[in-house]
Amino acid sequence: MPQIIPPTTTDTTTVPDTTPVPDQPAADDPAGIAATIAAAVATTTATGADPAGVRLVHDLVGHVPSFEDAYASHVFRQGEVLPHVFFWDVVQATVRSFLARDDARDPEPDWRRTLDFLEERCGRGDAVVDEVIVTSFLGDLPSPHEPGHGIVDRLGPVMAARFDRVRPTG
């Protein structure tokens with residue numbers, strides 16, 4: 001993932017301009033974010049994105065509401081719902097939740113709820129949904145030498161079988 005480098009100025013007495021760009025909602029404006037999400041959903045549909053993948057994302061956010069902020073940020077950055085791109089954030093948050101200590105400051109979306117949801121959806125036989133889950137979730141889980149690989153042992157039977165096919169060496 002590319003690193004975002006903040007802009008720098010040589011004059012330390014200036015204050016950055018935080019005025020919203022016209023036609024873009026302020027980041028702390030819930031109504032603006034909601035409008036952005038609604039527009040992104042319309043754009044996603046208009047550009048021909050597969051509705052099954054978009055529905056998977058929406059249903060996941062509905063099932064695990066802790067993903068709402070990540071979803072809003074994704075839609076704001078991308079301008080539409082891109083399931084494979086969004087699932088990178090899902091993998092990262094799920095693994096962080098799996099590794100979380102009791103003293104974590106910001107709780108991540110519950111990894112158990114996420115795995116349960118994905119297991120149920122993966123078992124339905126929808127090719128588009130399966131592609132998103134297998135390619136952009138299972139395929140991006142930590143490798144055996146990386147922290148969090150133990151989550152692989154917690155996959156349900158359907159996802160475990162698909163994981164073994166995609167990554168037979170773990």
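**Exercise 1. G53**

Work out whether G53 is buried or exposed, and what it touches.

*Solution.* Start with the accessible area: G53 comes out at a relative 2%, so it is buried (buried is under 20% relative accessible area, exposed is over 50%, partly exposed is in between, with a 1.4 Å probe and protein chains only). Keep in mind that this is a predicted model, where local features need pLDDT of at least 70, side-chain atom pairs count only at pLDDT 80 or more, and totals for chains, interfaces and linings use all residues. Residues are numbered from 1 along each chain as its sequence is written, and side-chain values use heavy atoms, with hydrogens and water left out.

Next, place the residue: G53 sits in helix α2 (helices are DSSP runs of H or I with at least four residues, strands are runs of E with at least two, both numbered from the N terminus). Then list its partners: leaving out residues up to four places away in sequence, G53 touches P83 and V128 (contact means heavy atoms within 4.5 Å). Finally, look at D126: 73 residues separate it from G53 along the chain, yet their C-alpha atoms are 9.7 Å apart.

**Exercise 2. The whole chain**

How many helices and strands are there, and what fraction of the residues is buried?

*Solution.* Count the elements: you get seven helices and zero strands, in the order α-α-α-α-α-α-α along the sequence. For burial, 36% of the 170 residues make the cut. For contact range, take the contacts between residues at least 6 apart in sequence; 66% of them join residues at least 24 apart.

**Exercise 3. α2 on its own**

Check the length of α2 against what you'd expect for its 13 residues, then list what is buried.

*Solution.* At 1.5 Å a residue, α2 should span 18 Å, and its end C-alpha atoms are indeed 18 Å apart, so the two agree (expected span is 1.5 Å times one less than the number of residues). Its buried residues are A52, G53, V54, L56, V57, D59, L60 and V61.

**Exercise 4. α2 against α4**

Describe how α2 packs on α4, and with which residues.

*Solution.* Two packed helices are described by the angle between their axes and the distance between the axes. For α2 (residues 51-63) and α4 (residues 83-99), that's about 30° and 9 Å (axes are lines fitted to C-alpha atoms, for helices over the stretch in contact, with angles from 0 to 180 degrees between N-to-C directions). The pair is therefore roughly parallel (under 35 degrees; over 145 is roughly antiparallel, 65 to 115 roughly perpendicular, the rest oblique).

The crossing of α2 past α4 is left-handed (near helix turned anticlockwise from the far one by less than a right angle; clockwise would be right-handed). On the α2 side the contact uses G53, V54, L56, V57, L60 and V61, and on the α4 side P83, F86, F87 and V90. Sort them by class and you find nine nonpolar, one polar and no charged residues (Ala, Val, Leu, Ile, Met, Phe, Trp, Tyr, Cys and Pro are nonpolar, Asp, Glu, Lys and Arg charged, and the others, Gly among them, polar).

**Exercise 5. α2 against α5**

Do the same for α2 and α5: which way is the crossing, and which residues meet?

*Solution.* Here the axes come within 10 Å and cross at roughly 140°, and the crossing is right-handed. L56, D59, L60 and H63 of α2 meet R113, T114, F117 and R121 of α5. That gives three nonpolar, two polar and three charged residues.

**Exercise 6. α5 and α7**

What is the angle between α5 and α7, and which residues make the contact?

*Solution.* The axes of α5 and α7 cross at roughly 75° and come within 8 Å, so the two helices are roughly perpendicular. L115, L118, E119 and C122 contribute from α5, with P157, V158, M159 and R162 from α7. By class there are six nonpolar, no polar and two charged residues. More broadly, the buried residues of α5 pack against α2, α4, α6 and α7.

**Exercise 7. I133 and L99**

Which is buried and which is partly exposed, I133 or L99?

*Solution.* I133, in α6, has a relative accessible area of 0%, so it is buried. Beyond four places in sequence, I133 touches L56, L118, R121, C122, L138 and M159. L99, in α4, has 43%, so it is partly exposed. With that same cut of four places, L99 touches P147 and G148.
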